[in-house]
Amino acid sequence: MSGSPSTPSAGVTARASAKVNLLLQVGPRRDDGFHDLVTVFQAVSLHEDVTATPADEYGITVESVGGTDVSGVPLDGSNLALRAARLLAERAGVDEPVHLHVRKEVPVAGGMAGGSADAAAALVACDALWRLHSGLDGLAELGAELGSDVPFGLHGRTAVGTGRGDRLVPVLTTASFSWVFVLGTAGLSTPAVFAECDRLRGLDDWSAPPADGRLEAVEFALRSGDVQALGEALSNDLAEAACSLAPELTATLEAGRAAGAVAGVVSGSGPTVALLVSSPAEARRLVRDLAPVLGEGRLRTATGPVPGARVLEPVGTTRSTRGS
Ligand code: C5P
């Protein structure tokens, strides 16, 4: 790496975070293969840090943080962070390749949008490095082309998502919540879980049930900061499909509840299980109690909400796109 930390050639690091879905209502399969969703995302404190450094050609390296298994991450042109950098360069007319280095704390193929967080962080880092000042909305529009969860990776905090999950409205909440995440023993493919959901519903002409008050219950719990109310309001229409493909999830959820979690829910398309607890101390207590049962290496604590993708170390005169 050349240049001092005050020169742009030293690179720019941006951070984006994992998400958990507090609510995931899945509507019918659309003609384009996606499903209309009503979801509430919360960004949580498991992070992906992406450093973009000027290079002769595009490339990517991935480093494990906190024991994350990174063996399943593609290092070729299919990597979502690399695709994000190239898409931004193409649209902005930039001809300055970058090397991306990803420090990965979010489980891979875990239903926590780690790949989407990489893409979000890569967009923010490259935007700053190339001094494009695209703005949050501009990057989110590009992000939606890369994946349904990328816009939320950029926005962060807590938000209601509709459409594919890419149309976002922030939920204003000052409350912070504590989580224990139990990693699956193997990844689950998101398309496979959606397909299993369709199969279990068993209807080609299945149509979404009318609004059932679940969204309002989550929003009420978030506004009041009531962890018990949030626990009662957590729900995920993909849980049955995820448990069908990974039956051990049912026992993991039960172990979490038996150990005293306020509530447990499958995170997104799984197989990570999210256990809601009443405080960070209670999260540490739960990890101590669950470690002998589930294995300490599978347990992570986190809090949410946390901010969206942002530059960690502004370099020289480079500024974050947030607020610009
Ligand atoms: O948008 P993303 O690349 O994350 O989606 C991965 C896959 O998950 C899609 O190809 C689709 O099979 C499924 N999906 C869906 N409905 C959504 C989001 C994702 O069916 N709203």
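How many nonpolar, polar and charged residues does the shell around the ligand have, by class? There are four nonpolar, five polar and one charged. In this count, Ala, Val, Leu, Ile, Met, Phe, Trp, Tyr, Cys and Pro are nonpolar, Asp, Glu, Lys and Arg are charged, and the others, Gly among them, are polar.

Before we look further, please keep in mind that this is a predicted model, where local features need pLDDT of at least 70, side-chain atom pairs count only at pLDDT 80 or more, and totals for chains, interfaces and linings use all residues. Residues are numbered from 1 along each chain as its sequence is written, and side-chain values use heavy atoms, with hydrogens and water left out.

**Around the ligand**

Let us meet the shell: G33, F34, H35, L37, G147, S148, R164, T190, P191 and F194 surround the ligand. A residue is near the ligand if one of its heavy atoms lies within 4 Å of it. Two elements, β2 (35-54) and α5 (190-201), supply at least two shell residues each, and α5 gives the most, with three. Helices (H or I, at least four residues) and strands (E, at least two) are DSSP runs, numbered from the N terminus.

Where does the ligand lie relative to domain 1 (12-171) and domain 2 (177-304)? The ligand lies between them, because both domains give residues to its shell. The domain bounds come from an automatic or database domain assignment.

Here are three polar contacts, which are pairs of N or O atoms within 3.5 Å.

| Residue | Protein atom | Ligand atom | Distance |
|---|---|---|---|
| G33 | polar backbone atom | oxygen | 3.5 Å |
| S148 | polar side-chain atom | oxygen | 2.5 Å |
| R164 | backbone N or O atom | nitrogen | 3.1 Å |

On its own, the ligand has 450 Å² of accessible area, and the protein covers 74% of that. Such areas come from the Shrake-Rupley method with a 1.4 Å probe.

**Special spots in the backbone**

Now for the loops. P271 sits in the loop between β9 (263-266) and β10 (273-277), and a cis peptide bond joins G270 to this proline, with omega about 5°. Another cis peptide bond runs from G304 to P305, with omega near 5°; P305 is in the loop between β11 (299-304) and β12 (310-311).

What is phi of A113 near? The value is near 60°, which is positive in a residue other than glycine. You can find A113 in the loop between β4 (98-104) and α2 (114-129).

Key:
Polar contact = N/O pair within 3.5 Å; in protein donor to acceptor, adjacent residues only side chain to side chain.
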